[in-house]
Amino acid sequence: MSVTAEPAPRLRDALRHVLLHLVTPLLMCLGMGLAYMGAFVTPEPNDMPIAVVGSGPQTQVLAQTVKDKAGDALDVRTLADREQAIDALKSLDIAGAYVPDAKSPELIVASAGSDMSSLAAQKIFTPVAAEQGVPLKVTDVAAPVADDPTGQGLFFLLVAVSIGSYASVAVLGAAGAGLRMRARAGLAVGVSFAVSLIGAALAGPIFHLVHHGLWGVWAMAWLYSAGVLLIGVGLHTFLKRWTTLAMMVLFVMLNFTTSGGLFRPELQNGFFGSLHAFWNGAGFVEGIRSHLYFGGHGLGGHVWTLAGWLVLGLAIVAIAGLWERRGRKAAAPAGVREAREREAEEEEMEESVAV
């Protein structure tokens with residue numbers, strides 16, 4: 001009995017198949033370039049809030065002069081005294097506060113909120129002090145830990161937790177394709193615990209970015225990771241092989257660039273700055289900053305942001321589960337017909353053999 005070999009695919013069909021699959025990495029290349037270069041290459045103040053400390057006409061004149069020179073780049077306000085300035089800095093309401101003085105002018109910053117914003121404030125007020133012929137004294141009222149001198153370690157923690165989360169989506173979508181949605185969602189929750197524990201270990205005992213409140217950091221890492229994983233698992237039902245591209249757009253291109261981990265929104269254009277208000281990466285980074293360095297100021301809002309994305313993930317998973325269940329029910333009658341046809345054919349063959 002001879003076996004007929006299947007015909008080899010034509011070269012044109014093979015090339016079309018490869019080129020179709022190359023669309024995803026090429027779109028990733030374009031998207032990453034647009035996102036990262038658009039957000040990070042030319043950071044400039046955009047309505048950045050700063051303050052001049054003091055009262056009286058001289059303070060008002062100085063504040064107005066700085067504003068006139070900067071235009072829309074700065075939001076210049078006045079504060080009555082140094083204590084109010086420190087409170088505003090610890091509430092992340094301003095990026096820097098300038099205290100005029102004929103002999104020793106002072107700039108107060110909180111670099112744990114953003115090292116880049118603190119440097120931008122120094123760049124603004126150093127020439128002001130130089131016009132008086134005196135050096136500028138810089139006081140940091142909320143500095144990051146010595147193990148993370150720039151405060152950017154939290155951004156790289158976000159990168160690590162994000163990669164662990166969205167890369168696991170691809171595995172659950174491929175290797176777990178035969179599982180029901182409930183099982184895949186359960187695995188996603190379990191994976192998020194593992195990813196968050198790895199993140200806590202990196203932030204705590206391994207690199208010492210966190211000197212206190214490690215369990216709070218772990219909890220926010222779990223909220224963030226679970227949201228990403230559940231959204232990805234749910235989207236895979238509808239997007240299939242395009243899920244990886246969608247996850248890259250949501251949780252890399254738009255996420256890392258708007259997190260505030262490298263540049264806070266006052267140093268970015270309006271698009272990235274506006275996403276900072278509700279994107280989950282920003283909730284993660286700003287939540288941990290608030291927890292570690294700013295006495296929990298605004299922490300509740302950041303936790304609610306993370307919880308909101310988790311609820312979104314649960315909703316997408318629920319919708320995807322219903323969609324798959326309806327698909328299975330629709331396919332069931334066809335499967336029953338095929339089984340009955342096979343049984344009839346087998347019976348006919350048995351009868352013919354018996355005859």
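**Questions about a predicted fold**

Biologist: What makes helix H8 (residues 243-253) count as mostly covered?

Modeller: In this predicted model, eight of the eleven residues of H8 are buried. Buried means under 20% relative accessible area. The eight in H8 that pass this test are Thr243, Leu245, Ala246, Met247, Met248, Phe251, Val252 and Met253.

Biologist: Why is His208 called partly exposed?

Modeller: Its relative accessible area is 37%. Buried would need a value under 20% and exposed one over 50%, so a value in between is called partly exposed. His208 therefore belongs in that middle class. You will find His208 in the loop between helix H6 (181-206) and H7.

Biologist: What is unusual to look for in the phi of His208?

Modeller: The phi of His208 is positive, about 60°, although His208 is not a glycine. Lys240, another residue that is not glycine, also has a positive phi, near 55°. Lys240 lies in the loop between H7 and H8.

Biologist: How do you know that strands E1 and E3 pair?

Modeller: Pairing needs at least two bridges between the strands. E1 (residues 48-53) and E3 (residues 97-99) have two bridges, in the parallel sense, so they meet the cut-off. Look for Ala51, which stands opposite Ala97 in E3.

Biologist: What makes E2 and E5 edge strands?

Modeller: The open sheet has five strands in the order E2-E1-E3-E4-E5, with mixed pairing. E2 (74-79) and E5 (137-140) each have a single partner strand, so one side of each has no neighbour in the sheet. From one strand to the next, the twist averages 25°.

Biologist: Which helices lie across strands of this sheet?

Modeller: Among them is H2 (residues 57-70), which lies across E1, E2 and E3 and runs at about 175° to E2. H3 (residues 82-90) lies across E1, E2, E3, E4 (106-109) and E5, at about 30° to E4. Angles run from 0 to 180 degrees between N-to-C directions, so about 175° means that H2 and E2 point in nearly opposite directions.

Biologist: Which residues touch the most other members of the largest nonpolar core?

Modeller: They are Ala97, Phe125, Phe284 and Ile288, in a core of 93 residues. Helix H7 (residues 214-239) gives the most to this core, with 14 residues. In soluble globular proteins, nonpolar side chains tend to be buried together.

Biologist: What is Ala97 in contact with, beyond its neighbours within four places in sequence?

Modeller: Its contacts are Ala51, Val53, Ala85, Leu89, Glu106, Leu107 and Ile108. Ala51 is already familiar as the residue opposite Ala97 in the sheet.

Key:
Residues are numbered from 1 along each chain as its sequence is written. This is a predicted model: local features need pLDDT of at least 70, side-chain atom pairs count only at pLDDT 80 or more; totals for chains, interfaces and linings use all residues. Side-chain values use heavy atoms; hydrogens and water are left out. A nonpolar core is a set of buried Ala, Val, Leu, Ile, Met, Phe, Trp, Tyr and Cys residues joined through side-chain atoms within 4.5 Å. Buried means under 20% relative accessible area, exposed over 50%, partly exposed in between (1.4 Å probe, protein chains only). Helices (H or I, at least four residues) and strands (E, at least two) are DSSP runs, numbered from the N terminus. Contact means heavy atoms within 4.5 Å.
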